[in-house]
Amino acid sequence: MDPLTHALLGASAAQVAFGPRLGRQAWLLGAVGGVLPDVDILIRSSADPLLAIQYHRHFTHALAFIPVGGIVAATPWLAQQRYHPNWRPIVAATTIGYATHALLDACTNYGTHLLWPFSPLRVAWHWITTIGPLLTLMLLIGLVFAVRRRSRFPAALALLLSLVYIGTAAWQRERAFEVQLRIAAARGHPVDRAEMFPTVGNPLLWRSVYQSGQTLYTDRLRVVGGDRTRWQPGSTVDVLVEHDLSPQALADDRVRRDFARFSYFSAGWVARAGADPTVIGDARYSLRTDGFEPIWGVRFHPGTAAPTEWVDRTASNRVPISELWREISGSAVSYRPVPDR
């Protein structure tokens with residue numbers, strides 16, 4: 001999630017738990033703990049462009065690292081003599097804030113190393129996107145009222161509503177899977193692998209991706225309920241595995257290693273970009289709904305001193321609000337009824 005939402009969630013949790021003991025200071029402690037795990041964005045290397053994605057949401061986001069992170073977050077207070085009498089609730093408040101971070105990140109589709117160092121699994125529940133204006137607004141309003149009124153109730157209510165929102169998104173995702181199966185069945189496709197990705201700031205629109213044979217099929221679903229649920233056909237693209245690389249790429253050990261790292265990061269959802277096949281992209285994300293244009297990916301230059309190039313088109317990722325609203329409201333004419341069972 002974005003840093004503001006992380007800060008608000010950590011601040012709200014700490015204010016609810018320790019507001020009576022620490023007063024208005026509790027929210028600040030929780031906010032610092034809530035954003036600290038993302039210090040891992042400083043881990044990067046010009047010689048290794050994949051180092052940043054390898055270690056973002058890595059050990060600093062692990063459940064096992066929470067006690068360490070909580071103490072580190074509390075260090076600015078513990079370094080001052082006047083805070084020593086309250087060191088226990090201070091550390092507890094920053095630790096609670098720190099603990100909220102990875103759990104919230106795991107609700108998105110990027111992947112979080114919750115189980116490090118015991119498992120290499122990248123946990124991603126695919127319930128919400130990294131930008132959720134409604135979730136952020138609920139937490140902000142609750143925290144402001146809690147601090148101003150010196151009451152835990154508004155922050156607690158905001159946390160409860162946030163849980164309801166995320167729970168609703170999780171339920172909607174399961175309903176979207178049912179729609180996906182009906183679409184695949186109508187096409188006569190056996191589904192070898194399937195995933196459902198949320199879209200920006202709402203639990204209604206979903207990006208459906210499934211693999212049948214060597215092809216990835218991407219569609220857009222509007223899950224409302226009953227006959228009002230609609231879908232929009234998207235794009236098809238061949239899934240890319242290591243043996244599909246060029247002979248020159250396969251002969252370069254660094255390229256093969258970096259392809260494996262990128263494939264692991266992308267959970268195996270890897271394909272070539274439609275407009276520029278030299279770019280190998282993360283198929284979980286796309287700049288377009290009618291074709292696959294990856295937001296990020298890699299381009300290989302085998303046999304050179306720098307064989308791996310990181311391609312980042314994040315700056316081009318713009319969400320047209322008017323178009324998004326037409327989809328959410330159901331006024332987009334391109335959507336069609338879901339096939340019968």
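In this predicted model, the side chains of Glu174 and Arg173 form a salt bridge, with 3.5 Å from N to O. The structure holds 16 salt bridges. The points below cover three of these pairs, then a strand with partners on both sides, and then a pocket.

**Salt bridge of Glu174 and Arg173**
- Arg173 has a relative accessible area of 10%, so Arg173 is buried.
- Glu174, at 43% relative accessibility, is partly exposed.

**Salt bridge of Asp258 and Arg261**
- The side chains of Asp258 and Arg261 meet in a salt bridge with an N to O distance of 2.9 Å.
- Both residues sit in helix 9 (residues 253-265); they are 3 residues apart, which means that about one helical turn separates Asp258 from Arg261.
- Asp258 is buried, because its relative accessibility is 0%, under the 20% cut-off for a buried residue.
- Arg261 counts as buried too, with a relative accessibility of 16%.

**Salt bridge of Asp276 and Arg299, and a network**
- Asp276 and Arg299 form a salt bridge through their side chains, at 2.9 Å from N to O.
- Asp276 belongs to the loop between strand 5 (270-272) and strand 6 (280-282), while Arg299 belongs to strand 7 (residues 296-300), so this pair ties together parts that are 23 residues apart in sequence.
- Asp276 is partly exposed at 21% relative accessible area, whereas Arg299 is buried at 18%.
- Elsewhere, Asp48, Arg254, Asp258 and Arg261 are joined into one network by salt bridges that share partners.

**Strand 3 and its neighbours**
- Strand 3 covers residues 215-222, and 8 of its 8 residues are buried, so the strand is largely enclosed by the rest of the structure.
- On one side of strand 3 lie Thr215, Tyr217, Asp219 and Leu221, and on the other lie Leu216, Thr218, Arg220 and Arg222; all of them are buried, and both faces are covered.
- Strand 2 (residues 205-212) runs antiparallel to strand 3, and 8 bridges join the two.
- Strand 3 and strand 4 (residues 230-238) are also antiparallel, and 8 bridges join them.
- Tyr217 of strand 3 has bridge partners in both neighbours: Tyr210 is its partner in the pairing of strand 2 with strand 3, and Thr236 is its partner in strand 4.
- The hairpin of strand 2 and strand 3 has 2 residues between the strands, and Gly213 in this hairpin takes a positive phi near 70°.

**The second largest pocket**
- The second largest pocket holds about 250 Å³ of space.
- Its lining consists of 13 residues, and those nearest its centre are Leu9, Leu103, Leu104, Leu163 and Ile166.
- Helix 5 (87-106), helix 6 (133-149) and helix 7 (153-187) are the elements that give two or more residues to this lining.
- Helix 7 gives the most to the lining, with 4 residues.
- Sorted by class, the lining of the second largest pocket has 11 nonpolar residues, 2 polar residues and no charged residues.

Terms used. Residues numbered from 1 in each chain as written. Predicted model: local features only at pLDDT ≥ 70, side-chain atom pairs only at ≥ 80, totals over all residues. Heavy atoms only, no water. Salt bridge = Lys/Arg side-chain N within 4 Å of Asp/Glu carboxyl O. Buried < 20%, exposed > 50% of the residue type's maximum accessible area, 1.4 Å probe, protein only. Pairing = 2+ DSSP bridges. 1 Å grid on protein atoms, 1.4 Å probe; cavity = no way out; pocket = protein on both sides within 12 Å on 5 of 7 lines; lining within 4 Å. Points joined across faces, edges and corners; volume = space filled by probe spheres on them. Nonpolar A, V, L, I, M, F, W, Y, C, P; charged D, E, K, R; others polar.
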